[in-house]
Structures are given as C-alpha cells and as structure tokens.
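Work through the exercises below with the sequence and the 3D structure at hand. Each task is followed by a solution in steps.

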Amino acid sequence: MQDMNPSDIQGEYRETTLDLYNGTQRKVLVTDMETPYPEGKLIVSRTDTEGRITHCNRSFVDMSGYEEAEIIGQPHALLRHPDMPAAAFEDLWNTVKAGRKWHGYVKNLRKDGGYYWVYATVIPNVRNGQVVGYTSVRRKPSRQKVEEAIQTYASMS
Amino acid sequence: MPYQFTVSPDFGPDQLAGWHIFNTWLQRQLGTDIHFETHDAFDEQRQSISEDQIDIIYANPFDASFLVREKGFVAVASPHNPDETTIAVHADNPVTEVEALQPGCRIAQTDDPDISMMGMILLEPANLDRDNTEALIQDSYIQVAKALIQEKADVGFFLTEAYERLSNLVKSQLKPLVNSDIQVVSHTLLLGPALAERKDELAGKLQAMSDDVQGQQLLDSLGFRSWNPMDEEEMEFMIDLIEALAA
Ligand SMILES: Cc1cc2nc3c(=O)[nH]c(=O)nc-3n(C[C@H](O)[C@H](O)[C@H](O)COP(=O)(O)O)c2cc1C
C-alpha cells in the first residue's frame, strides 16, 4: 500500500511505520485532529474474501477523506491507525473467518492524517452456503466507550 | 385456493385503503385470484408466514431475512422512499442532543421492528440500551406523539415519514433530536415460492405503474412516487446490513 503523502496532511504531524499483516510496511502521517461521527448515518463497506474493498457508501468516502476510486480494490488497512493494536484485528479476522459476527470500537486514520472513532460490526456474507465476502457497518460510539477503548488499546500495544 | 397477499402491520387504516386497491391491480396484472389479508401485529403476521399461508407480501425490512433466507421468498421491488427513523422529545424538553438523554428514560414506540432497532442504535451514543430504558409500546405514531405531549414518555421513536405526516399543531409540541440517514433500508414487495417465477414480469409491471394516470393515482394512494425493481444481490445486501445492525 502507498505511503501517506505530506501534501495531503492538515497541520502538524508525526510519522510512524505500520507493520501490516501481509508482511509489508506503510509509512503513516498522523495528526490529533478528530472528525466527529456524522449524525444519524452508517458507514458501510464490503470486501471480497481476500479483504479488498468492493463497495463503500457515501459516508465511508466522506469520513475517510479519500476519493472512491482511491478506496475500491484496497484493503481496509488503508484506514489502519497506529493507535490500534494488531491483536484487535487478529480477533476480528479470527471471528469472521469462523463465520461469526465481530463487534468492536475502532480508531480509523483519514487521508488528511486525522482520525475518527466508530463502533464497528463485521459479518461474513453467505450466499448459497458459501462466504463470498464481508460487510462492515459502523455507527456512532458513545464517548464513554471510546474512552474505555483508548485505555484498553494503550495497554495492549 | 386464491393466493394470499398481506402488508406489514405498520400501516394505519387510511393507508390500508390504498393496499386494497393495489390488490385489485395485482389480480388484474397477474390474472389470478388474490385475497388481501391484514394482520394486527408483527408476531401474528410472522406466524402466518411460518405456516406458509402468505404468497405475496409488502414486508418490513426487518422481516426480509426470514422471508428470503428461510422461506424462499424473492424480492420484486421497493418504493423510492427508504425507511428512516426520527428520535423526538417534547418541545419544552431542555435536551437538545441524544447524548444528554439519561438512563431510566421512557421510550414511546410502536411495535415496528426496524424503527425500534434503529431507534435504539441512535440512542447508543448516550449509553442507553434496552436494559436501562423503558419501552412504552403504542398502537400508532400518533399515539407515540401523544405520549410525548402528555409527558407519559421522555423520548419517541418515529418512522420519519410518519413524523412528517403529523399535523403542524402536533409537531409544534415536539422537537426532533436526530434523523437517521441510512438510505438503503426499505420495505419491499416479495413473492413466495408459489409465485416466484413471475418476479420479472411483476417487476416490469410495477415499474411501469407510474406511466399511466390510473397507476399514478394508485401510487399516490400508497404514498409512493414509483417502484424500483430490486435484484437478488440488493436484497441480500440489505439483509446483511440488518443482520449486522441487529445486536
Ligand atoms: C469488512 C471489514 C471491514 C474492516 N474495516 C476496517 C476499518 O474500518 N479500519 C481498519 O483499520 N481495519 C478494518 N478492517 C481490518 C483490516 O482488514 C485489517 O486487518 C486492519 O486494518 C489491520 O491491518 P493488517 O491486518 O494488515 O495488519 C476490516 C476488515 C473487514 C473484513
């Protein structure tokens, strides 16, 4: 995946390198700017079985800061924030690969270096008994749950 | 035996008149006898579906999963208006955002399952759930409004369309806190296994309904602009979405 581009970043940033699950690395540029969750909306995306994004809705595009064309075909790790522990995503993948529903609080990274928190659900898409992909639906988290997640994730990484 | 047609029990008597006319239209289009059967409650309707007594249904999105994945129904079309949820309080309530609502609050709602589910999701940012709130089930959205105005309830869940249809006098005594903006969840017309092979034919006829004056009048009486044919994958996607949302 492409490294982040300093010219896309809004304001002061720090630079970190993420170790992705597939063995590759990505240089990410991170700021402290939080984008509030859009009222009343759901952020929805779907992937193929390999985890590449096949569909995303308007809210997904708007919140990520990318153009739709920059998103389709990419893995969701495009949004991976360095404050998220790898173990959270390991649990996500183990759960959905076992055919079950996963829930969790996720801090996502925007193209501009800022972030947004979501409460996410991921489910396998079953058609005629076969898993053909995965769907994630995110909704607005409570502030209290986000504070708890910040504590938990800080102690995990 | 005539086929059986039914609609989601979330419609009031004024809208049922339109569905009666729709049934006449259906019989003419499909060239077969169809009996229009109404149910007073969702549980009762689900019972009829389980017993394979329904052949055509205009269904609540919450029931779509059961109909498609367990009972072999196929989606034909949906109207252009998605189901959205409005959360409202009494106009004099000092609360201006969902986050300010407190545990113990009383929620007036109907038994409409998709609106109850979305309503509870919209209250999650305030850390409210079924365990720390009290549900007050009402017979109609007018009754939900009344419960708020009479201060028998603190919060009300409305189908946005029903909220908008309330009289100005009623609305002036209420204050909406948030509207959902989901766009892809809607009621759907489905055919059961006995009629499933006529899906494409019926979808075409529904789509053409807005082309003539009579069809347009019928759409008006149902409160729709037009019908949108729905393919299998669109329906499966809506079901996945609802399954992801149902805790
Ligand atoms: C349907 C679906 C949606 C996902 N959404 C996100 C997301 O919004 N943000 C994110 O960081 N990871 C998301 N993930 C997890 C990523 O696939 C990935 O595991 C994670 O970003 C960590 O990257 P890594 O596995 O390469 O280490 C999602 C996974 C699936 C299956």
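**Exercise 1.** Locate A:Asn128 among the secondary-structure elements of chain A, and decide whether the residue is buried or exposed.

Solution.
- Step 1. A:Asn128 sits in the loop that joins strand E6 (115-127) to E7 of chain A. The model is a predicted one.
- Step 2. The backbone of A:Asn128 has a phi near 50°, a positive value in a residue that is not glycine.
- Step 3. Exposed means over 50% relative accessible area. A:Asn128 has 82% relative accessibility, so this residue counts as exposed.

**Exercise 2.** State which elements of chain B flank B:Asn127, and give the sign of its phi.

Solution.
- Step 1. In chain B, the loop between helix H4 (113-123) and strand E7 (134-137) holds B:Asn127.
- Step 2. Phi of B:Asn127 is positive, about 60°, although the residue is not a glycine.

**Exercise 3.** Place B:Gly156 in its element, classify B:Gly156 as buried or exposed, and find its C-alpha separation from B:Thr110.

Solution.
- Step 1. B:Gly156 belongs to strand E8 of chain B, residues 155-159.
- Step 2. The cut-off for buried is under 20% relative accessible area. The relative accessibility of B:Gly156 is 0%, and therefore B:Gly156 counts as buried.
- Step 3. Along the chain, B:Gly156 and B:Thr110 are 46 residues apart; their C-alpha atoms are separated by 9.3 Å.

**Exercise 4.** Describe the shell of residues around the ligand: its classes and the elements that supply it.

Solution.
- Step 1. There are 16 residues around the ligand. By class, nine are nonpolar, five polar and two charged.
- Step 2. In chain A, helix H3 (86-97) and strand E7 (130-139) each give at least two residues to this shell.
- Step 3. E7(A) supplies the largest share, four residues.
- Step 4. The ligand takes up the space of the largest pocket.

**Exercise 5.** Which residues come nearest to the ligand, and what polar atom pairs involve A:Tyr21, A:Arg80 and A:Asn108?

Solution.
- Step 1. The nearest residues are A:Tyr21, A:Arg80, A:Trp93, A:Asn108 and A:Arg138.
- Step 2. For A:Tyr21, a backbone N or O atom is 3.0 Å from a ligand oxygen atom.
- Step 3. For A:Arg80, a polar side-chain atom lies 3.0 Å from an oxygen atom of the ligand.
- Step 4. For A:Asn108, an N or O atom of the side chain is 2.7 Å from a nitrogen atom of the ligand.
- Step 5. On its own the ligand has 600 Å² of accessible area, and the protein covers 92% of that area.

How values were computed. Residues are numbered from 1 along each chain as its sequence is written. Chains are lettered from A and ligands numbered from 1 in the order in which they are written. This is a predicted model: local features need pLDDT of at least 70, side-chain atom pairs count only at pLDDT 80 or more; totals for chains, interfaces and linings use all residues. Side-chain values use heavy atoms; hydrogens and water are left out. A residue is near a molecule or strand if one of its heavy atoms lies within 4 Å of it. A polar contact is a pair of N or O atoms within 3.5 Å; within protein, one must be able to donate a hydrogen and the other to accept it, and residues adjacent in sequence count only if both atoms are side-chain atoms. Accessible areas come from the Shrake-Rupley method with a 1.4 Å probe; for residues, only the protein chains shown count as cover. On a 1 Å grid over the protein atoms alone, a cavity is a set of points where a 1.4 Å probe fits but cannot get out, and a pocket is an open set with protein on both sides within 12 Å along at least five of seven lines; lining residues have an atom within 4 Å of a point. A molecule sits in a cavity or pocket if more than half of its atoms lie within 2 Å of its grid points. Ala, Val, Leu, Ile, Met, Phe, Trp, Tyr, Cys and Pro count as nonpolar, Asp, Glu, Lys and Arg as charged, and the others, Gly among them, as polar. Buried means under 20% relative accessible area, exposed over 50%, partly exposed in between (1.4 Å probe, protein chains only).
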